[in-house]
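Please follow the strands and charged side chains of this chain step by step, beginning with the terms on which the account depends.

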Amino acid sequence: MLSLALCAGAARSAAEPAGAVPRLQPLIGTQRSTLVESEETLLDVAYRERLGFVAVTRLNPDVDEWIPDPGTVVQLPTRLVLPDAPAEGLVLNVPEMRLYDFRVAPEPEVFAAAVGDALDPTPIGEFRIGEKRVNPTWTVPASIRAEKPELPPRVPPGPDNPLGSLWMTIGSTSYGVHGTNIRWSIGRMATHGCVRLYEDEMQRLFDRTASGTRLRIVYQPYKWGVAGNDLYLEAHPDLYAQSPDALAAALALPEALGLLDALDLLVVARAVEQARGFPLRVGTLPPTWIPPS
């Protein structure tokens, strides 16, 4: 029986295979907004819309996240560039803290997620969904009990269990995709490596996902998209500080595609610096450009 240690201490998967042809990705969704209701925080807005908290706050830097005025217009991060990954199975992009289910048509369903922090990062690589559990028991890792000695060795199913009511193992690791009893953690670096979803969304994903389903976990702070002839960059924070030169990392894909001259580099640099997480038009495809095959 798999021990459900809270996403700590598992071996890391190998990194993504090198050599894949980089591609511009399509945009999905539409830009939406909502109004703050009486006594709501942006945390409440994020939960109401089933979005990540940080994604909402970064898109609305001028809105007080804890005491917004009722009636304030809040922009929602609902127009997205797809990750640069095969459009099949499940794909989690760690920096944007979103999981994509490509088995849903015509566009993938997108779930806001919590991921591991910098000390206990979510593993990157290709996996299959392993064992599935209903009402899992949390076996508290020794490292966490050392930080919080008031915790018992095991937490049974129920409202105090941070694994929520459902668990899907990531490959053969001790990490999982699971629900949570802490809804404010969704869209944050809030786990010891696991992937948390809102409980109702976890239920929906759990019901339609069989063991053996492909799960790709990628690390792409900078996603490049195209709509018509317009080029878009969606920039997110480099959560695990993998790129000492953020601008160079962001430009790696358009450079590989021969598109640097098609970009407004000042706009690109500003987008990378702000990392607000929404598709920003940064250039126009040359009429003679041919995508690589």
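A residue is called buried under 20% relative accessible area, exposed over 50% and partly exposed in between, with a 1.4 Å probe and protein chains only. The model is predicted, so local features need pLDDT of at least 70 and side-chain atom pairs count only at pLDDT 80 or more, while totals for chains, interfaces and linings use all residues. Residues are numbered from 1 along each chain as its sequence is written, and side-chain values use heavy atoms, with hydrogens and water left out.

Strands (DSSP runs of E, at least two residues, numbered from the N terminus) pair if DSSP finds at least two bridges between them. An open sheet of 8 strands, with mixed pairing, follows the order β7-β6-β5-β16-β9-β12-β13-β15. Because β7 (109-112) and β15 (195-196) each have a single partner strand, one side of each edge strand is left without a neighbour in the sheet. Within this sheet, β12 (residues 166-170) runs antiparallel to β13 (residues 176-178), to which 3 bridges join it.

Salt bridges (a side-chain nitrogen of Lys or Arg within 4 Å of a carboxyl oxygen of Asp or Glu) number 18 by this rule. Aspartate 101 forms one with arginine 103, their closest N and O atoms being 2.8 Å apart; aspartate 101 is buried at 0% relative accessible area, whereas arginine 103 is partly exposed at 33%.

Aspartate 230 and arginine 281 also meet in a salt bridge, at 3.0 Å from N to O, and this pair links strand β18 (residues 230-235) with strand β19 (residues 280-284), the two residues being 51 residues apart. Aspartate 230 is partly exposed at 24% relative accessibility, and arginine 281 is partly exposed with a relative accessible area of 43%.

Conventions:
Helices (H or I, at least four residues) and strands (E, at least two) are DSSP runs, numbered from the N terminus.
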